[in-house]
Amino acid sequence: MQVCRPQPFNRNHKQIMDGTALIYCEGAFNTPNGKTANGLVRHTSRYLVVGVIDSRYASYDAGGVLENRLKQIPIYASLDEALARTIMKPRYMVIGLAPDGGRLPADARRAVKRALECGLNVDSGLHEFLSDDAEFQALARRHNVQIRDIRRPPPRSQLHFFSGKIEAVKALKLAVLGTDSAIGKRTTAVKLCQALNEAGIKTELIGTGQTSWMQGVKYGLVLDSLVNDFVSGEIEHAIYEAWANEHPQVILLEGQGSIAHPAYPGGFELIAAGRVDGVVLQHAPRRQFYDGFENYRMGGLDREIQILELLAQKPVLALTLNHEGMTPAEIQTAITDYEAWYERPVTDVLTEGCDKLVTAIRALLR
């Protein structure tokens, strides 16, 4: 089987949906390790999601589980149950897992084999390339389907080195960063992009991970799949292409990891290469340890703000909250307290929306 490289981020003006999809997320939906599935349930223009696989929530609606809003996306106990019950035949099975290290769990391997045997294409954003697996290759060839490894990097001949053309970009460039990994940066960036466009402020989102590609974001890169020398250049190129083709007023950059995370340090690449005008910072008030590493206590919001503002020489314009482990009353108290302490807009985009952020960004544009 020839290596099937995924298409680059969709830069066509007309978005074309790839097709119907089941999202495999056994044991991880509605958790940080299921963040790819969570994101696809919330929004994707690449697939029509017809179901999620996680036996813990079988028979529930995925939107109801995720944020108490029905999405008409049923959750099934297994792939076989989904294929027997779903009204629309899926064309793809998408791996919705995002485990530490990016390797395919044993149970998921059985599901991938079954999907290929049933004639489904398989899309995976894991670090482990499923299309390199001899058994999967044989099944895909036998059943005339494809395996797309979204993290497989482009040929180096197609990659860009930093050139300085970022200085030609006149849009307001804002990085949506976080104090930890798997803390909701992409969700906040997607919601803010939608809110700004609905408010009449033309905005483009630069995706930086595999889930953004799966959601159908037009411009971006899979940052953690690249050789380090090309990261800055690919960030610059994606921003420049979005500016040159779309002429937006605002460009949002999806953050990866966090500036001080011991395993997933990130954010500084976007600040340096993107020449950002400000930062929106996502934080989980109840989270005490870095995601996946309970021996490493998080450094604190004050420290994170200081580091980012020192690096960027630009302000952290607003704070956005991840409400994990918080009651509605606690969310409101945190918003009130943080606004008093940090003297900048604070919101939880999933419960309070993006109005404060839109107002602050509109003021900057003026």
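Met326 touches Pro285, Arg286, Ile331 and Ala334, leaving aside residues up to four places away in sequence; a contact here is a pair of heavy atoms within 4.5 Å. Met326 sits in the loop between strand E14 (316–321) and helix H11 (328–342), where helices (H or I, at least four residues) and strands (E, at least two) are DSSP runs numbered from the N terminus. Met326 is buried, at 12% relative accessible area. For that label, buried is under 20% relative accessible area, exposed is over 50%, and partly exposed is in between (1.4 Å probe, protein chains only). Met326 and Asp100 are 226 residues apart in sequence and 25 Å apart in space, C-alpha to C-alpha.

A quick word on the model: it is predicted, so local features need pLDDT of at least 70 and side-chain atom pairs count only at pLDDT 80 or more, while totals for chains, interfaces and linings use all residues. Residues are numbered from 1 along each chain as its sequence is written, and side-chain values use heavy atoms, with hydrogens and water left out.

**Another loop residue**

Arg69 is in the loop between helix H2 (62–67) and E3. Is Arg69 buried or partly exposed? At 45% relative accessibility, Arg69 counts as partly exposed. Its contacts are Asp61, Gly63, Gly64 and Leu350, again without residues up to four places away in sequence. The C-alpha atoms of Arg69 and Arg42 are separated by 9.9 Å, with their positions 27 residues apart along the chain.

**The cores**

In soluble globular proteins, nonpolar side chains tend to be buried together. In this model, the largest nonpolar core has 70 residues, and Phe29, Val52, Met93, Val112 and Leu116 have the most contacts inside it. Such a core is a set of buried Ala, Val, Leu, Ile, Met, Phe, Trp, Tyr and Cys residues joined through side-chain atoms within 4.5 Å. Helix H6 (residues 185–198) gives the most to this core, with six residues. A second, separate core of 41 residues includes Leu177, Leu270, Ala312 and Val316.

Val52 is a good place to zoom in. Among the residues that Val52 touches are Ile23, Cys25, Phe29, Val41 and Ala62, not counting residues up to four places away in sequence. The list for Val52 also includes Ile73, Pro74, Ile75 and Tyr76.

**The sheet**

Six strands form an open sheet in the order E3-E2-E1-E4-E5-E6, with parallel pairing; two strands pair if DSSP finds at least two bridges between them. Which strands are at the edges? They are strand E3 (75–76) and strand E6 (147–149), each pairing on one side only. Strand E1 (residues 19–24) is joined to E2 by six bridges, and the two run parallel. Gly19 stands opposite Tyr47 in E2.

**Rings and charges**

Tyr47 turns up again among the rings. The structure holds seven aromatic pairs. Rings of Phe, Tyr and Trp (its six-membered ring) pair if their centres lie within 6.5 Å; planes under 30 degrees apart are stacked, over 60 edge-to-face, and the rest tilted. Two edge-to-face pairs look like this:

| Pair | Centre to centre | Angle between planes |
|---|---|---|
| Tyr47 and Tyr92 | 5.7 Å | 65° |
| Phe293 and Tyr296 | 6.5 Å | 70° |

The Tyr47 and Tyr92 pair links distant parts of the chain: Tyr47 is in strand E2 (residues 47–53) and Tyr92 in strand E4 (residues 92–95), 45 residues apart. Tyr47 is buried at 1% relative accessibility, and Tyr92 is buried at 6%. Phe293, at 26%, is partly exposed, and Tyr296 is partly exposed at 45%. Elsewhere, ring pairs link Phe29, Tyr57 and Tyr60 into a cluster.

Charges also sit over rings, meaning that NZ of Lys or CZ of Arg is within 6 Å of the ring centre and within 35 degrees of the ring normal. Arg46 lies over the face of Trp213, 3.7 Å from the ring centre. The charged end of Arg109 sits over the ring of Phe136, 4.4 Å from its centre.

**Cysteines**

How many disulfides does a search of the whole structure find? It finds zero disulfides, a disulfide being a pair of cysteine sulfur atoms within 2.5 Å. Cys25 is buried, with a relative accessible area of 0%, and its nearest cysteine sulfur, that of Cys118, is 20 Å away. Why is Cys354 not bonded to Cys193? Cys193 holds the closest cysteine sulfur, but at 10 Å from the sulfur of Cys354 it is too far for a bond. Cys354 is buried as well, at 7% relative accessibility.
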